[in-house]
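Me: I should like to learn how to read the features of a protein model in an orderly way. May we work through one example together?

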Amino acid sequence: VSCGITVKTGFFPSAYLCNGGELDAIPHIQTLRNLPKERLASKVVMVRFDSTILLREEMDQQTRPVSNALFTIKYLYEAGAKVILASDWSVTSNPKLVLAESVADFLSSILQCKVVPVSCISCNIPPKMEGLEKADIFLLENLSEFKEEVANCSKFAQMLSSGVDIFVNDSFSQSHKILASTIGVTRFCHSCVAGFYFEESLCQLKKVAETSRNPYVAVIGGGNFFDKAAALHFLASRCDGLVFVGRMSFQIMHALGVSVPLNFVENGALREALDIVRFAQNRDIQILYPKDFWCKNDCLPGKLELFPAHSILDGWVPVDLGPMSLGEINSLLTECKESSSISEFNMLENAQLYGNFSKEESFQGCFVQAYPFEINWNATYCDPMQPLVVDIGSGNGLFILGMARKRKDLNFLGLEINEKVLHCDKCNSTFRSIVSSYPGKLVLVSIQCPNPDFNKPEYRWRMLQRALVEAVADLLTSDGKVFLQSDIEAVAVRMREQFLKYGKGKLSVAQDQDAEINRGWLEENPFGVRSDWEQHVIDRGAPMYRLMLSKSTSVE
């Protein structure tokens with residue numbers, strides 16, 4: 001709780017620890033809210049919804065998480081989009097919802113429109129969605145039944161997104177996982193955005209990270225103590241109190257010397273729990289843990305028994321906090337509420353994924369290209385109307401710096417996927433978003449010496465994806481150029497094939513280079529400015545494979 005904000009399963013990355021950069025791992029995101037509504041009409045949109053929110057057995061549609069999740073789907077449907085819903089579910093959320101047909105009926109009732117289940121999803125059989133124009137909304141099969149989902153199988157992701165124009169990630173609790181339905185599908189959709197529920201959840205995260213009010217108390221539940229140790233250290237360094245509930249509490253109780261059933265203690269977590277206890281005690285902050293639990297016994301169905309936390313009998317499993325525990329927690333939160341004069345408590349659920357947001361792969365499914373970023377081009381360039389040159393995979397930027405010194409009549413922009421090399425944006429995910437808002441003309445795009453591994457289909461961060469090629473073809477001005485080169489011929493060949501295949505017929509090999517080519521490749525760098533890697537290759541006497549493409553003057 002941060003003056004009334006509750007984190008149910010607190011989880012922040014180790015990179016956050018007391019460095020003042022808690023928000024650095026939360027990038028600017030493209031959201032459904034920012035997507036022009038008129039562009040949704042007749043588009044096929046896949047929504048990865050959160051089953052833990054929309055398929056609960058007891059669901060209050062008036063709560064903000066549920067209303068936002070429902071609004072995402074209704075907004076798309078009312079805008080004229082053809083909506084496909086995708087998610088995983090289990091009897092844990094709602095024992096009445098097992099088959100896709102029952103889930104479709106349930107969603108139909110809460111959305112007030114017809115949801116039709118779709119069968120036959122596999123790596124070999126695309127979803128059968130005949131009559132898309134006749135149905136309101138489609139529901140794909142339960143994704144938890146497919147091993148390709150958790151493996152982020154590229155072929156499976158392609159099948160899922162077959163025919164999809166826009167991907168909307170509204171499954172906040174799953175977006176830290178590398179799944180075919182959250183990560184893989186983004187490679188095959190033209191635009192990818194966060195839904196309203198996802199956006200609201202991220203805003204709550206920012207509030208927690210930004211808060212400076214006291215007292216600051218965290219209520220922490222869930223499991224996997226060992227994996228969350230760094231997050232708990234962060235909270236212990238910032239909070240005025242820690243309240244442990246759920247399975248997490250048994251690890252703390254064990255570290256404090258309280259007798260607990262060993263089957264509730266997580267193997268290998270004792271050292272981390274001891275460290276957090278010592279850290280909290282050194283800061284003189286309060287640690288609160290449950291004193292009693294309501295427990296169930298599978299041999300006695302329907303019966304609940306109240307046990308002290310330190311003496312739960314064999315065969316009994318905690319299912320809820322007891323009255324003494326609730327009383328202590330309520331008393332502490334009431335004090336916080338009164339001290340901070342805050343009258344509203346906001347519940348922040350599924351916080352376990354926050355820690356993973358520091359990992360780059362977590363962003364691909366929810367922070368990918370859609371429509372323009374808000375960039376102040378007047379502040380970026382002296383004259384934003386000058387023609388633009390974009391170097392994709394610019395490394396340390398030596399090429400564009402050399403070009404900028406040579407060509408004062410052009411503006412230059414470098415995009416780099418490796419933030420350790422240069423602090424630029426993800427190539428595939430932001431090219432269209434950034435460049436589409438540039439007021440001048442895009443006259444040249446260069447891709448030089450990409451890492452060969454990026455060109456393997458199974459490599460999730462491969463540089464040259466269809467979405468990037470299509471964006472370049474769309475945004476390049478008439479007679480604009482694309483310069484491709486690599487010191488590995490197979491890579492250069494693949495880049496050429498990708499641009500000719502996905503360039504929408506707008507791109508072709510430049511006709512004026514016939515006299516200068518060697519086996520189909522340019523012998524010399526046409527700009528007279530080399531990148532650092534190109535210079536390295538030339539110095540060792542190895543060949544470069546270069547190609548110039550041109551956009552037809554007859555298409556725009």
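The dialogue below goes from the overall composition to the sheets, the helices, the surface and the backbone.

Me: Before the details, what should I know about the model, and how many helices and strands does the protein have?

Reply: Please keep in mind that this is a predicted model. The protein has 16 helices and 22 strands. Of its 556 residues, 54% are buried. The protein exposes about 24900 Å², and carbon and sulfur atoms supply 50% of that area.

Me: What share of the contacts joins residues 24 or more positions apart?

Reply: Among contacts with a separation of 6 or more, residues 24 or more positions apart account for 75%.

Me: How should I read a sheet, and in what order do the strands of the six-stranded sheet lie?

Reply: The general idea is that strands of a sheet pair through backbone hydrogen bonds, either parallel or antiparallel. In this structure, six strands make an open sheet with parallel pairing, and their order is 4-5-3-2-6-7. Strand 4 (115-117) and strand 7 (191-194) are the edge strands, each pairing on one side only. From one strand to the next, the twist averages 25°.

Me: How many bridges join the neighbours, and which residues stand opposite each other?

Reply: One may follow the order across the sheet. Strand 4 is joined to strand 5 (residues 137-139) by three bridges, with valine 115 opposite isoleucine 137. Three bridges also join strand 3 to strand 5, where leucine 85 has leucine 139 as its bridge partner. Strand 2 and strand 3 pair over five bridges, and methionine 46 stands opposite isoleucine 84 of strand 3. Finally, four bridges join strand 6 to strand 7, and asparagine 169 is opposite alanine 194 in strand 7.

Me: Is strand 3 enclosed or open to the surroundings?

Reply: A strand is judged by its residues, a residue being buried when its relative accessible area is under 20%. Four of the five residues of strand 3 are buried, so this strand is largely enclosed by the rest of the structure.

Me: Which way do the residues of the edge strand 7 point?

Reply: Ser191 and Val193 point one way, whereas Cys192 and Ala194 point the other way. All of these residues are buried.

Me: Which strands do helix 2 and helix 3 lie across?

Reply: Here one notes both the strands in question and the angle. Helix 2 (residues 64-78) lies across strand 2 (44-49), strand 3 (82-86), strand 5 and strand 6 (166-170), and runs at about 165° to strand 6. Helix 3 (residues 100-111) lies across strand 2, strand 3, strand 4 and strand 5, at about 170° to strand 4.

Me: In what order are the strands of the three-stranded sheet?

Reply: That open sheet has the order 8-9-10, with parallel pairing. Its edge strands are strand 8 (217-220) and strand 10 (286-288), each of which pairs on one side only. Neighbouring strands are turned by 15° against each other on average, direction ignored. Three bridges join strand 9 (residues 241-244) to strand 10, and leucine 242 has isoleucine 287 of strand 10 as its bridge partner.

Me: Is helix 14 mostly covered or exposed?

Reply: Helix 14 (residues 466-475) is mostly covered, with seven of its ten residues buried. Glu470 is one of the buried residues, which also include Leu468, Val469 and Val472.

Me: Which residues form a nonpolar patch on the surface?

Reply: The patch is formed by Trp294, Leu304, Leu306 and Val319, which together have about 330 Å² of accessible area. Leucine 304 belongs to strand 12 (residues 304-308). Its relative accessibility is 49%, so leucine 304 counts as partly exposed, the cut-off for exposed being over 50%.

Me: Where do residues other than glycine have a positive phi?

Reply: Serine 42 has a positive phi of about 70° although it is not a glycine. Serine 42 lies in the loop between strand 1 (5-7) and strand 2, and counts as exposed because its relative accessibility is 55%. Aspartate 284, likewise not a glycine, has a positive phi of about 60°. Aspartate 284 sits in the loop between helix 9 (270-282) and strand 10, and is exposed, with a relative accessible area of 72%.

Conventions. Residues are numbered from 1 along each chain as its sequence is written. This is a predicted model: local features need pLDDT of at least 70, side-chain atom pairs count only at pLDDT 80 or more; totals for chains, interfaces and linings use all residues. Side-chain values use heavy atoms; hydrogens and water are left out. Buried means under 20% relative accessible area, exposed over 50%, partly exposed in between (1.4 Å probe, protein chains only). Helices (H or I, at least four residues) and strands (E, at least two) are DSSP runs, numbered from the N terminus. Patches are made of residues with over 30% relative accessible area and no salt bridge: like charges are joined within 9 Å, nonpolar side chains (Val, Leu, Ile, Met, Phe, Trp, Tyr) within 5 Å. Accessible areas come from the Shrake-Rupley method with a 1.4 Å probe; for residues, only the protein chains shown count as cover. A salt bridge is a side-chain nitrogen of Lys or Arg within 4 Å of a carboxyl oxygen of Asp or Glu. Two strands pair if DSSP finds at least two bridges between them. Axes are lines fitted to C-alpha atoms, for helices over the stretch in contact, and angles run from 0 to 180 degrees between N-to-C directions. Contact means heavy atoms within 4.5 Å.
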